[in-house]
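Biologist: Could we go through the aromatic rings and the empty spaces of this one together?

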Amino acid sequence: MTDTTRSVRGGVPERPSLDGLEETWARRWQSDGTYAFDRTKERSDVYAIDTPPPTVSGELHMGHVFSYTHTDTVARFQRMRGRTVFYPMGWDDNGLPTERRVQNVYGVRPDPALPYDSHWRPPTAPVDDAARKNPTPISRRNFIELCELLTVEDEKAFEALWRRLGLSVDWSLTYTTIGSAARAASQRAFLRNLARGEAYQAEAPTLWDVGYGTAVAQAELEDRERPGAYHRLRFTGPDGREVLIDTTRPELLPACVALVCHPDDERYADLVGAAARTPVFGVEVPVRAHPLADPAKGTGIAMVCTFGDLTDVTWWRELRLETRVVVGRDGRLLPEPPAGVPAEPYAALAGQTVNGARRTLVELLADAGDLVGEPRPITHPVKFYERGDRPLEIVSTRQWYLRNGGRDAGLREELLARGRELRWVPEHMRHRYEHWVGGLTGDWLVSRQRFFGVPVPVWYRLDDAGEPDWSQPLTPDEAMLPIDPTSEPAPGYEESQRGEPNGFTGDPDVLDTWATSSLTPQIVGGWETDPDLFARVFPMDLRPQGHDIIRTWLFATVARSHLEHGALPWHTAVLSGWILDPDRKKMSKSKGNVVTPMALLESNGSDAVRYWAANGKPGMDLAFDPAQVKVGRRLATKLLNASRFALGLGAADALRAAATQPLDTAMLAELSGVVATATTAFDGYDHTAALMATEAFFWRFCDDYIELVKERAYGSGPAADSARAALATALSVQLRLFAPVLPFVTEEVWSWWRYGSVHRSPWPTTYEVGRAMAAPGDPELLRLATDALGQVRRAKSERKLSMKADVPLAEALGPAAVLEQLGTVADDLRAAGRIAKLDLLPDRTTELVIACAF
């Protein structure tokens, strides 16, 4: 497998150094095509990775380095095992984060009503806070062009980091989620979902982020603890009965459509089926019963508003209540009251923000005598969009949905079965998937009211009055994709008919970024555009990702593949944990504890940082520890120096010779066990266990074995030849064992004495190591010799002598069988310990004791 035509041996430098290795080898790997995917191989010879496309509008952090290093160790291992590795890199560049970044950097905002200005140019320098607070309006097309411009620059920074980190990516396979191929694949999948009835449009209550001005899906929610207050309101029941309601959202009183209590709550049993009147507005609302009402919460009876929270939506839907929407998409109360609500009291609220309306309505309640007591402060969870900074509202909008099992028990079971079919590393992560799928309350909302994204690829006919016919969207032929319905006419229409009666209009929305990212295997695999490639890589072998996006990226990808292909998109999912700061707190920009990776890579070397990352197991969180990075640099430095020393003894010329001496075969026998352990660990996606076994052996090899045999290796004759042969095999094997984690230093050392790249060399096997031994070795012999040498060193240390001090006499005491073994390596022990005379005294002690006389 080694490519002997790639490069020649470079020879051992006088003063090897880690400095500059990243630049040297990154250039060489790129020019030599070291990591190029060979698309002529059969599917059984391919190992395909569905690489996470990082969001390039964000900042790089140690979490990226952590998880992507894990994936790279898998890619390197599989490549050395003889597979051609399909390892692409993608950039997730569409969606809300990119838009927000562009708005902040350039101080602009998109305005679809403005015409395109081909002469408009963005500011040449970053804008100030004043410009951000008063952004310049530009056309939709100008804004999209600006997004594309900025993402190109962001992607360059990401690629520079990945190359510096040493990711063995085939850069010719790079894709973007806003690129032409991605847009076509995303739109094609959506149109097929639509044709099969899996995508549909509906007017429904929608979670809405006021700051971003868009709908948000269930998977993008997070609860944040926020201060609030319970307000006790006095409603009026039949015969003037007082009905007290506790609420944290008094401003939604004009949106109240019912009161609800638990069916078993005797306090309100006589009210169920009757009606009550709202304070201030005097609107009559029904009293209904529902099992979700909590008798222990507040007064035990709640007001249902359209819409205060997701429970309101459930009550509204299941109890078939009226709709009275008062909060608009801008987060302000609508200018006109909903039907049935008197205009006079509502006028004081119209146009106000939610917080302003709350204050006003509390004053109105107090003036009317319908606010009972003072508001009671509380802290409670409030739903936010995961990237937003304002609480979500629920507004009624027309949106596109994709069926995901939230309302279809049959589909839900099919997707749960897919989760059981998938191999999870670690296995317990499957429970998070099952918990998410089992807890879905609705279908996947996939449309977004933004600009920089994949357009929803449909148009609508307009009737005589210019109103759209939502029920029969016009769709393009797949050959037309990708398309933008806001700038391209519908099939059978002219552009002049856009917006005109009996003409057409394009859907103005874009697809949720996850609706495109959920198709990464299809996008990079050439689905429907390169059938030959797709057949070689799909379903893929590996999906590596963070455990926190099981509910979004992993589940969505499984769902899309199940619907389109009736299969899993990959065989194995490996989940990585979070990076914690030294105080074991999750790193985040908001906490100010994020470490910038590029400076760390430059100051410590990429191998050192990769070593730290590889010490984190799949699924486990890892604290950032600068001391661990320094350990990694020390390891890489030792690998340089130990290799230089071994090669200086002539090991390079003894590579294919056999080790004959007992100590040499003992070392190789132990190494064979390390190879078996590391191989099993990598096969199980446990790079940490592989590294630990390799590293532990390496330090014993350097500190003990080399010290024991170096005098012999300097000599000549069969014993010296054996030492050099063992050193050569051990060095070759260890370089390959370390290569997935420490790619730069291993490639550097490999180039001194071997042809080709270590990363294209075959993974070591126990057979290979066994073939290097003239006779089977006993690992216990190496441990015995190490123990004896350690006692000699300890004796010198206790007397504060140099390790080079001579020992006139040493006596070895212990069981006869032990001393008989020791006798086979006595010459090496004498040379390493500088012992003039070594006497073996059997059966004087129950354990080995080396007594030194000075």
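Modeller: We can take the aromatic rings before the cavities. This is a predicted model, where local features need pLDDT of at least 70, side-chain atom pairs count only at pLDDT 80 or more, and totals for chains, interfaces and linings use all residues. Residues are numbered from 1 along each chain as its sequence is written, and side-chain values use heavy atoms, with hydrogens and water left out.

Biologist: How many aromatic pairs are there?

Modeller: The count comes to 27 aromatic pairs, where rings of Phe, Tyr and Trp (its six-membered ring) pair if their centres lie within 6.5 Å, and planes under 30 degrees apart count as stacked, over 60 as edge-to-face and the rest as tilted. The ring centres of F698 and F738 are 5.6 Å apart with planes at 85 degrees, so this pair is edge-to-face.

Biologist: And are F698 and F738 buried or exposed?

Modeller: Both F698 and F738 are buried, meaning under 20% relative accessible area, with exposed over 50% and partly exposed in between (1.4 Å probe, protein chains only).

Biologist: Switching topic, which residues are closest to the centre of the largest cavity?

Modeller: A217, A219, N404, W436 and W444 are the closest, out of 17 lining residues. On a 1 Å grid over the protein atoms alone, a cavity is a set of points where a 1.4 Å probe fits but cannot get out, and lining residues have an atom within 4 Å of a point.

Biologist: What volume does the largest cavity have?

Modeller: The largest cavity has about 130 Å³, a volume being the space filled by probe spheres set on the points, which are joined across faces, edges and corners.

Key:
On a 1 Å grid over the protein atoms alone, a cavity is a set of points where a 1.4 Å probe fits but cannot get out, and a pocket is an open set with protein on both sides within 12 Å along at least five of seven lines; lining residues have an atom within 4 Å of a point.
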